[in-house]
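Please open the model in your viewer and keep the sequence panel beside it, since this tour moves from one selection to the next and says at each stop what is there.

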Amino acid sequence: MFTQVYGDNGKMKEYHYTGPVEHRFSPYSFNGGTVLAVAGEDFAIVASDTRLSEGYSIHSRDSPKCYKLTNTTVIGCSGFHGDCLTLTKIIDARLKMYKHSNNKSMTSGAIAATLSTILYGRRFFPYYVYNIIGGLDEEGKGAVYSFDPVGSYQRGTYKAGGSASAMLQPLLDNQIGFKNMEGVQHLPLNQEKAVQLVKDVFISAAERDVYTGDALRICIVTKEGIKEETVPLRKD
Amino acid sequence: MLNNSRPCQPQSAGFSFENTRRNAVLEGNLSELGYSSPKARKTGTTIAGIVFKDGVILGADTRATDDMVVADKNCMKIHYIAPNIYCCGAGVAADAEVTTQMMSSNVGLHSLSTGRPPLVVTVTRQLKQMLFRYQGHIGSSLIVGGVDVTGAHLYSVYPHGSYDKLPFLTMGSGAGAAISIFEDRYRPNMELEEAKKLVRDAIAAGIFCDLGSGSNVDLCVITQAGVQYLRGYDQPAQKGKREGQYKYKPGTTAVLTKTVTPLPLDVVDESIQLMDTQ
């Protein structure tokens, strides 16, 4: 059945309502998960929940989305788990190649630039992955690089990505960026406060986002190395 | 829901599909602008019911979802139909709510007319006749349970109008998780405490294994003696404890302009209503 209406140019427009529509095979699926990265003066934190879901089911309650790349860099990947795994394998291979050719490890900035190129290489069949890189730059200061699925990236101080990103980002803007607040001291973020904030923010995300929960994996990157911490979250 | 726009003209028989063309145009217009039409909110639920020695027990979770965001962390899915009959609703939240309210009203009137307390089978028949009339467009899946003069009965009714009469039933997105618990441990004529634990465990399975269900377990125990509505019977998922303080001092939000208009009013009556902030 169809119905006709006059369009903008005065000609008749046709609307077709064909009833049930056939769906083609989709190469993507959404596996949920939220990642978050915060940069401080001499540290960086990358955190993610550990739930892997699909549709209304849970595949795994222990599938962290932070991957260690070098001693100074951790990447968080959420979205389609198949592409997350492949992408991290490709990044690992590129890290090895760089190390063998240049006789040194890749810096965080270099990894970010490389990842951007890798992602854009698949511009017309993208990796369905939301990436956030957290690490230390050459001067030892914290760095956060956030990406979109096709490789656009920028450096910042904090970023949330994944299914609950829209819930976390405004809270981080307020607590770390001191946005929308007057007469508040802009204290620099220290490591304990940052870890506390990350835990609290994920507790809230787990309340309202069904894809976020089970446990929280926090990777703290400092010049001493990478420390991992796991905190339980709501399992429902 | 009959059209009241032309009350003086005789109602045409059968279904009215007048609005489908309008809806198709609206969908097209909205998608051109990049919007999508508002979706009906589904409860994404686990509901269950069993018949035990003294009557029936109905159970439900308390999460209502808007797509994949939790809209209500503690909603009530076990609805009152009659003093001896309660109904759990899954599917579209508004449909379940309004359908059960209509049934409650009809059954109340019918019971006054017959002069007898209502039967569970009456509720089921009226429900299925209404849902079939709407050909599945009313998206509510219901589990009706109660104790009447003929005994304890449990029915499930589907959106298109079919029904099942069984000793144990589950519905909603978490039905698969819940039915597995029932299939493992259900026995006829169970005692009250064992039966309550079984329903609680079935709903808990839905809460943990289904993303559309969560928060607390509500139970409703219906026996010849009466009804026990156990709201918040169990809270298997605990909210994490926040470590930081997130209080804002007065003056944190910038005041751009301020206009004070005094209103000459007297306080006549004062009453306090507490908000449920849990």
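Select chain A of this predicted model and consider its contacts between residues with a separation of 6 or more, of which 58% join residues that lie 24 or more positions apart. With the whole chain still selected, turn it along its principal axes, where the C-alpha trace spans about 70 × 50 × 40 Å. Colouring by secondary structure brings out four helices and 14 strands in chain A. If you colour by burial instead, buried residues make up 50% of the 236 residues in chain A, while a surface display shows an accessible surface of about 12,000 Å², with 52% of it belonging to carbon and sulfur atoms.

Next, stay in chain A and select strands E7 to E11, five strands that form an open, antiparallel sheet in the order E7-E8-E9-E10-E11. The edges of this sheet are strand E7 (66-70) and strand E11 (153-156) of chain A, each of which pairs on one side only. Looking across the sheet, you can follow a twist that averages 20° from one strand to the next.

Now narrow the selection to strand E9 (residues 129-136) and strand E10 (residues 142-147) of chain A, which pair in the antiparallel sense over five bridges. One place to zoom in is A:Leu136, whose bridge partner in E10(A) is A:Gly142.

Move on to chain B and select helix H3, residues 120-133. How far apart are the end C-alpha atoms of this helix? They are 20 Å apart, which agrees with the 20 Å that its 14 residues should span at 1.5 Å a residue. Showing side chains along H3(B), pick out its buried residues, which are B:Val120, B:Thr122, B:Val123, B:Thr124, B:Leu127, B:Met130 and B:Leu131. Among the elements that cover these buried residues are helix H2 (93-114) and strand E5 (78-82) of chain B, together with strands E6 (85-91), E7 (140-148), E8 (151-157) and E9 (163-165) of that chain. After H3(B) comes B:Gln135, whose phi is positive, near 50°.

For the last stop, select B:His79, which is found in strand E5 of chain B. Is B:His79 buried or exposed? Its relative accessible area is 11%, and because buried means under 20%, B:His79 counts as buried. Leaving aside residues up to four places away in sequence, B:His79 touches B:Tyr86, B:Cys87, B:Gly89, B:Glu97 and B:Thr100. The side chain of B:His79 also reaches the backbone oxygen of B:Lys77, at 3.5 Å.

How values were computed
Residues numbered from 1 in each chain as written. Chains lettered and ligands numbered in written order. Predicted model: local features only at pLDDT ≥ 70, side-chain atom pairs only at ≥ 80, totals over all residues. Heavy atoms only, no water. Helix = DSSP H or I, 4+ residues; strand = E, 2+ residues; numbered from the N terminus. Expected span 1.5 Å × (residues − 1). Buried < 20%, exposed > 50% of the residue type's maximum accessible area, 1.4 Å probe, protein only. Contact = heavy atoms within 4.5 Å. Polar contact = N/O pair within 3.5 Å; in protein donor to acceptor, adjacent residues only side chain to side chain. Pairing = 2+ DSSP bridges. Axes fitted to C-alpha atoms, helices over the stretch in contact; angles between N-to-C directions. Areas by Shrake-Rupley, 256 points an atom, 1.4 Å probe, with all protein chains shown as cover.
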